[in-house]
Amino acid sequence: MSYRVDLAVLSEQKPFCRFGLTLHNLSDQDLTDWKLQFILDRYILPDSVTHAECQQIGSFCSITPDTNKIAANQYFYCEFTLRTAPLRFYSDGLKEALIVDIHGQVKHTVHVTPIVLASPFKQRTSLPDVVESSISLIPKPNSMVLDDGYFHLTSTSQITLQTSLADKAAAWLESELTSLFSFSLNPIGHSDIVFRSNPTLDESEYKLKVKASGVTIEAGSTSGFVHACATLLQLLKPVENSLSLSVPLITVNDSPRFKYRGMMLDCARHFHSVEQVKYIINHLARYKFNTFHWHLTDDEGWRVEIKAFPELTRTGAFRGPNQILEPQFSHLGQDYGGFYSQDEIRDVIAYAQDRGITIIPEIDIPGHCRAAIKSLPHLLFDENDHSIYRSIQHYSDNVLSPALEGTYTFLDTVLSEISQLFPAKLVHIGADEVPDGVWSDSPKCQALMLEMGYQDSKELQGHLLRYAEKKLHSLGKRMVGWEEAQHGNKVSKDTVIYSWLSEDAALTCAKQGFDVILQPAQSTYLDMTQDNSPFEPGVNWASVISLEKAYRYEPLEMVADSDPIRKRILGIQCALWCEIIIHQSRIDYMVFPRLSAIAEVGWTQKSHRHWEDYLSRLKGHLTLLDKQDVKYRQPWDNDNCEK
């Protein structure tokens with residue numbers, strides 16, 4: 001280790017905190033003509049830096065020192081101020097660092113030490129010890145009667161289909177039996193699992209009855225049969241010294257609390273392979289989710305092939321020292337990225353459909369568009385726009401202009417291809433976090449405001465989103481967006497609002513007549529840290545979300561059961577944003593077992609949900625996660641956090 005960088009908190013006074021950075025030259029040679037590049041996801045106030053100048057684009061920072069020399073075994077020191085709340089976790093510090101020459105060519109790698117935090121260590125939470133439940137079903141069924149005895153699936157067991165609605169569910173069941181238990185059903189033998197149509201059952205509702213003579217599954221929908229299979233899979237246990245599986249004699253009559261039960265995965269900040277995406281989708285099916293919200297575009301990456309604009313993936317899908325997009329969040333010294341071809345997306349859609357899951361794509365506009373703008377400057381860049389703004393992720397060039405003709409060419413083309421590619425009726429257009437100051441010094445935007453009689457820049461945002469809404473409607477789709485989609489009061493009440501800032505924001509939109517999906521960051525964001533230990537990975541701007549906090553989220557707790565506003569709440573969703581989530585092991589750690597807790601929030605009626613009862617079932621359920629080699633966060637181990 002020849003070079004090391006330390007970062008220490010000097011003072012904390014929200015919203016400004018002071019830091020000291022020290023670069024050590026531990027080699028026996030002088031370091032000359034150098035700059036320090038590093039990844040930091042907080043904004044450094046440029047005028048606050050001592051002994052150096054700082055340039056920052058997103059999380060990519062570059063320090064140019066006043067002196068170009070660090071003598072052997074000496075150091076360089078500077079201080080700066082961040083606009084941030086006090087830091088509590090080691091993951092808040094520098095992610096990576098490099099020494100480059102004045103032309104940006106890498107000279108040396110730098111060892112990054114953990115940030116020296118000023119805040120004291122906080123007491124960690126612990127879970128009560130519970131007795132493992134004999135029936136470890138998650139989410140808990142809304143009606144279940146257990147009888148004495150077991151039925152056994154053997155090498156002569158087979159499936160009998162009495163309805164085509166069960167075709168996909170039965171195929172999924174067989175594949176899961178193989179992957180979980182290395183168990184295969186016989187194409188010829190006893191009809192031990194019977195799938196039967198019951199048209200009196202609503203969408204997603206099912207009946208599962210296990211008797212001494214076999215298993216009967218009834219549903220009136222494909223999703224109902226899939227959910228029944230998810231329950232059956234959790235009931236099965238290998239019989240010791242046997243090739244058979246046992247299932248308790250049980251009767252389950254079950255239906256979901258909320259019609260919409262979803263999870264969002266961010267594949268723009270870090271790219272996740274098709275296999276990783278399918279992995280998540282399959283787990284969603286096991287927990288009776290029915291929607292996968294695929295975040296495909298953002299400032300840091302464009303992940304979906306658009307045949308009319310190959311530049312979007314040729315340029316926008318990659319970042320790094322040899323790319324137009326600078327490094328962000330990780331991979332400081334190398335090119336990084338990836339995208340999904342349309343054929344790959346069709347494959348993932350079919351995979352999800354086989355598991356009763358609808359995929360909703362998200363194309364984020366008008367903010368979070370830096371990757372698109374850098375890919376298509378001839379359409380999306382306005383050289384006469386001198387507006388000064390800074391987005392929440394520290395960009396000053398990431399917002400589409402509602403006054404450029406190219407913006408509408410871009411929207412028409414992209415939304416048309418997306419609508420043709422994805423069969424879902426809903427298309428998510430983002431609409432969040434458009435920064436203050438945008439479009440204020442754009443002659444074209446100011447002229448458009450004058451022409452339309454607009455008084456506020458939010459109306460320009462509404463102008464653009466109303467166009468997108470009408471375009472999607474013409475394509476047979478319904479637009480959905482984050483709650484900022486209703487800013488400017490231009491979109492119709494046909495737009496569905498996904499509320500992320502708070503549940504109060506959701507209720508405000510619902511009272512205005514919008515249908516709403518609940519996704520409050522304080523309870524449902526899986527990128528949040530799970531405990532107060534500084535070693536815990538994640539972020540905490542919304543909250544620390546422990547397993548208990550995720551489970552105890554009670555949607556609409558302050559709204560009376562008789563309040564008609566409840567009719568506007570379509571369901572709930574959790575989200576995994578991936579700024580600092582790169583690898584599969586980190587995905588597992590952040591998602592499991594919290595995903596199971598949120599699954600129960602969305603599926604199981606409030607009167608049937610009890611914290612310690614859930615823990616008893618979870619204790620037995622972890623065996624199933626072990627069988628799948630899921631690297632989940634150990635709920636009862638306070639020393640299990642990633643170091």
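I count Ala, Val, Leu, Ile, Met, Phe, Trp, Tyr, Cys and Pro as nonpolar, Asp, Glu, Lys and Arg as charged, and the others, Gly among them, as polar. The model I am reading is predicted.

**Entry 1: largest cavity**

I searched the whole structure and found 3 cavities of 30 Å³ or more. The largest holds about 90 Å³ of space. By class, its lining has 6 nonpolar, 4 polar and 2 charged residues. I listed the lining as Glu176, Leu180, Ala230, Leu233, Gln234, His283, Arg286, Tyr287, His621, Leu624, Leu625 and Gln628. I noted α1 (167–181), α2 (222–235), α3 (274–286) and α16 (611–627) as the elements that give two or more residues to this lining. Domain 2 (143–254) and domain 3 (260–499) each contribute at least three residues to the largest cavity.

**Entry 2: second largest cavity**

I put the volume of the second largest cavity at about 50 Å³. Its lining consists of Arg261, Gly262, Tyr287, Lys288, Phe289, Ile572, Gln573, Ile598, Ala599, Gly602 and Trp603. The split here is 6 nonpolar, 3 polar and 2 charged. Tyr287 also appears in the lining of the largest cavity.

Which elements supply at least two residues of this lining? I found β20 (260–266), β31 (569–576) and α15 (594–603). The largest share, 4 residues, is from α15. I then checked how covered α15 is, and 10 of its 10 residues are buried. Among them are Ile598, Ala599, Gly602 and Trp603.

**Entry 3: Lys288**

I looked at the backbone of Lys288, a lining residue of the second largest cavity. Its phi is near 70°, a positive value in a residue other than glycine. Most residues other than glycine have a negative phi. Lys288 sits in the loop between α3 and β21 (291–295). Is Lys288 buried or exposed? The relative accessibility of Lys288 is 3%, so it counts as buried, the cut-off being under 20%.

**Entry 4: largest pocket and His394**

I turned to the largest pocket, which contains about 1400 Å³ of space. I counted 49 lining residues, with Ile392, Gln393, His394, Glu433 and Trp541 nearest the centre. The classes are 19 nonpolar, 12 polar and 18 charged. Helix α10 (residues 457–474) provides the largest share of the lining, 3 residues. At least three lining residues come from each of domain 1 (3–116) and domain 3 (260–499).

I checked His394 further and found a positive phi of about 75°, although the residue is not a glycine. His394 lies in the loop between α7 (377–380) and α8 (405–421). With a relative accessible area of 10%, His394 is buried.

**Entry 5: cis peptide bonds**

Most peptide bonds are trans. I noted a cis bond from Ile138 to Pro139, with omega near 0°. Pro139 is in the loop between β12 (111–112) and β13 (144–153). I noted another cis bond between Ile365 and Pro366, where omega is about -10°. Pro366 is placed in the loop between β26 (358–365) and α6 (370–375).

**Entry 6: a sheet**

I traced an open sheet of 5 strands in the order β6-β7-β4-β10-β11, with antiparallel pairing. Why is one side of β6 (52–57) and of β11 (106–109) left without a neighbour in the sheet? Both stand at the edges and have a single partner strand each. I read an average twist of 25° from one strand to the next. β10 (residues 97–100) and β11 run antiparallel and are joined by 3 bridges. Leu98 is opposite Thr109 in β11.

How values were computed
Residues numbered from 1 in each chain as written. Predicted model: local features only at pLDDT ≥ 70, side-chain atom pairs only at ≥ 80, totals over all residues. Heavy atoms only, no water. Pairing = 2+ DSSP bridges. Axes fitted to C-alpha atoms, helices over the stretch in contact; angles between N-to-C directions. 1 Å grid on protein atoms, 1.4 Å probe; cavity = no way out; pocket = protein on both sides within 12 Å on 5 of 7 lines; lining within 4 Å. Points joined across faces, edges and corners; volume = space filled by probe spheres on them. Domains from an automatic or database assignment. Buried < 20%, exposed > 50% of the residue type's maximum accessible area, 1.4 Å probe, protein only.
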